[in-house]
Amino acid sequence: VLPSPDGPAPSVSITEIRQYLRAQDIPFHDGYSCLHTPSLFTGDRGDQPLSANAPFTLFIDKTTGSFLCTATLAEGTWQDFQANVEMRLCGITPIPPASSEEMEEEMRQAREDARCIWERALPLWELLDEKETKDTKALFGISQVTDATLKRFGVRYLRTARSLVFPWFSPQDGTLKGLKLLRVEKNGGTITYVEETLPRFDSYRNLFGLPLIGRRDTELVLTGWELDALALHQAAGVASLALPRGASCLPPTLLPYLEQFKRITLWLGEDLRSWEAAKLFARKLSLKRCSLVRPGNLQPRPLEALNQGLNVTKILRSALLASHKSIVSFRQLREEVFGELVNTEQVSGIKWARFPELNKLLKGHRRGELTIFTGPTGSGKTTFISEYALDLCMQGVCTLWGSFEINNVRLAKIMLTQFARRRLEDQLEQYDEWADRFEELPLYFMTFHGQQNIKTVIDTMQHAVYMYDITHVVVDNLQFMMGHEHLSVDR
């Protein structure tokens, strides 16, 4: 839920951050999306000034001011950072902002569960017979991926769950911090991949493949899927990482780990959504250093390219620079226009699964469009829009709700019922199971209620877009948000 009920954290500009660091004699470098400084939480203590010779392991996000120390994993807001600087000046050892004991316990439990699973999982090449290994590899479409590659990335197989297991090792000390399980579900002719993460994805700060990156690596390919990272490394020998949530979001806490790279190529997938996400992430990472691989027939996702025997290095070389000048010629747009003609279905947006009639009217959900639903009181606007938004959210569209009329608890109850498609009040023993599944959705709620200052609401929306890569915002309803007196004056 965002922001916290005591109001959003005061925003801070990059100029203010720089001025503060200079005033406090804190040395810093200007990075791509963060400022780098020596950490407050390591090395020399007390009222000594921070040394410019110390490793610069603390990263301050230029957009939000929040910080992360990659050496100690201490993180917090800009206000936390200032408080720690003040403590240091008073000779007190700074303490990283702590999460609640309940959260700590939950994380400990999740890591313990992850460790048990990891110990039960086997390397693929150690399965009982060759046939089982072959069938398993074929099921996941990784017949071309060698054992050496699987070994390098530490991929294992959990027989009981028929899942591949991708480890998340801490880049600091190599300990196991979590896992992602991937299994295949076949429904008729279609294959779907089902993922599960331990701990839950919101605290899953993993970049798969990070411990394999060397200090001297300056070029990186960023993918949206662990199997793509394997394929890229094998086919082109490049440093490759996979984002934990694929093309749906790039959490700002991961940006510090990407600061060392002078060039980043984004190859997130083979559909239009991945292409849109790549353009969005490139803005976060700094356009100057990003190139994008455009999805197309001869440029499928990396695993597919490996399976088809395509030249992966050649595809990487043809990546387009993300930073374009203000004027373009048709020659530069030519491929994009062709892409739109080929993918007319995708261009028209993400289709609703539950509302085929709506797809005929609106074609699909497209970013940058405004849809207004009107109707008299009690005609079912909120009920319908809640299902309409849930449908998209279940397809991975990151959604932010601003419910100014009914409170979040009631709204969440409606959405959970629609999600489970059953009356949970009659089957309370099933509540936890459905709530766990519902919690996995990329769904966020604003905590405003009743009349609000429009600037505060817009600021919160912008913050949510940066932090959670929100692509769908629902406001219910406009009259409540604005208060009644505004409507008569400026309709």
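Me: What makes the crossing of α13 and α14 right-handed or left-handed?
Reply: In this predicted model, α13 passes α14 in a right-handed crossing. The term applies because the near helix is turned clockwise from the far one by less than a right angle.

Me: Why are α13 and α14 called oblique to each other?
Reply: Look at the angle. Helix α13 (residues 381–393) and helix α14 (residues 408–420) pack at about 60°. Roughly parallel needs an angle under 35 degrees, and roughly perpendicular starts at 65. The value fits neither class, so the two helices are oblique. Their axes lie 10 Å apart.

Me: Which residues of α13 meet which residues of α14?
Reply: Thr-382, Thr-383, Ser-386, Glu-387 and Leu-390 come from α13. Facing them in α14 are Leu-411, Ile-414, Met-415, Gln-418 and Phe-419. The contact divides into five nonpolar, four polar and one charged residue.

Me: What makes Glu-387 in α13 count as charged, polar or nonpolar?
Reply: Glu belongs with Asp, Lys and Arg, so Glu-387 counts as charged.

Me: How many helices and strands does the protein chain have?
Reply: It has 18 helices and 18 strands.

Me: Why is the protein chain called as compact as a globular protein of that length?
Reply: Compare two values. The radius of gyration is 24 Å, and the globule rule gives 23 Å for 491 residues. These are close, so the description holds. The C-alpha atoms fill a box of roughly 70 × 65 × 60 Å along the principal axes.

Me: What share of the residues counts as buried?
Reply: The share is 44% of the 491 residues. The cut-off is under 20% relative accessible area.

Technical notes: Residues are numbered from 1 along each chain as its sequence is written. This is a predicted model: local features need pLDDT of at least 70, side-chain atom pairs count only at pLDDT 80 or more; totals for chains, interfaces and linings use all residues. Side-chain values use heavy atoms; hydrogens and water are left out. Axes are lines fitted to C-alpha atoms, for helices over the stretch in contact, and angles run from 0 to 180 degrees between N-to-C directions. Helices (H or I, at least four residues) and strands (E, at least two) are DSSP runs, numbered from the N terminus. Angles under 35 degrees count as roughly parallel, over 145 as roughly antiparallel, 65 to 115 as roughly perpendicular and the rest as oblique. Contact means heavy atoms within 4.5 Å. The radius of gyration is taken over C-alpha atoms; the globule rule is 2.2 Å times the number of residues to the power 0.38. Buried means under 20% relative accessible area, exposed over 50%, partly exposed in between (1.4 Å probe, protein chains only).
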